[in-house]
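Thank you all for coming; I would like to take a few minutes to walk through one model with you. Please have the sequence and the structure open while I talk.

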Amino acid sequence: MDYGLLLIGIALLLVSYLVAVKKQTGLLAGFNEKAIKNKELLGKVVGGFFSFR
């Protein structure tokens, strides 16, 4: 079993949880708060993308 891949998977799940549920949009690279009006929708979309990746 490759433990490196397992750690990467757990890290992606953690980031997706923080972005989608806790709305930690500061974890997103290139995020411009002034350009995005609906942070909740952004969190759901990006968090969902990370969890399915």
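**Two helices and the loop between them**

Let me begin with the outward side of helix α1, where the face turned away from the buried side of the helix carries the exposed residues Tyr3 and Leu7. Before going further I should say that this is a predicted model, and everything that follows should be heard with that in mind.

On the overall picture, the protein has two helices and zero strands, and its C-alpha atoms, taken along the principal axes, fill a box of roughly 45 × 15 × 15 Å. Of its 53 residues, 17% count as buried, while the accessible surface comes to about 4,400 Å², with 65% of that area belonging to carbon and sulfur atoms.

Returning to the first helix, α1 runs over residues 3-20, and its length can be checked against expectation: at 1.5 Å a residue, the 18 residues of α1 should span 26 Å, and because its end C-alpha atoms are 26 Å apart, the two values agree. Which residues of α1 are buried? They are Ser16, Val19 and Ala20, and, seen down the axis of α1, these buried residues fall within an arc of 85°, so they line one face of the helix.

Tyr3, which I mentioned on the exposed face, also takes part in a nonpolar surface patch of about 500 Å², made together with Met1, Leu6 and Ile10; of these, Ile10 has its place in α1.

Moving along the chain, we come to the loop between α1 and α2, the latter covering residues 39-52, and in that loop we find Lys22. Is Lys22 buried, partly exposed or exposed? Its relative accessibility is 47%, and since exposed would require over 50%, Lys22 counts as partly exposed. From Lys22 to Asn32 there are ten residues in sequence, and the C-alpha atoms of the two lie 18 Å apart in space.

Finally, I would like to turn to Leu42, which sits in helix α2. What does Leu42 touch, once its neighbours within four places in sequence are left aside? Its contacts are with Thr25, Leu28, Phe31 and Ile36. There is also a spatial relation to the first helix to point out, in that Leu42 and Ala20 are separated by 22 residues in sequence, with their C-alpha atoms 8.1 Å apart in space, and Ala20, as you will recall, is one of the buried residues of α1.

Key
Residues are numbered from 1 along each chain as its sequence is written. This is a predicted model: local features need pLDDT of at least 70, side-chain atom pairs count only at pLDDT 80 or more; totals for chains, interfaces and linings use all residues. Side-chain values use heavy atoms; hydrogens and water are left out. Patches are made of residues with over 30% relative accessible area and no salt bridge: like charges are joined within 9 Å, nonpolar side chains (Val, Leu, Ile, Met, Phe, Trp, Tyr) within 5 Å. Accessible areas come from the Shrake-Rupley method with a 1.4 Å probe; for residues, only the protein chains shown count as cover. A salt bridge is a side-chain nitrogen of Lys or Arg within 4 Å of a carboxyl oxygen of Asp or Glu. Helices (H or I, at least four residues) and strands (E, at least two) are DSSP runs, numbered from the N terminus. Buried means under 20% relative accessible area, exposed over 50%, partly exposed in between (1.4 Å probe, protein chains only). The expected span of a helix is 1.5 Å times one less than its number of residues. The arc is that of the directions from the helix axis to the C-beta atoms. Contact means heavy atoms within 4.5 Å.
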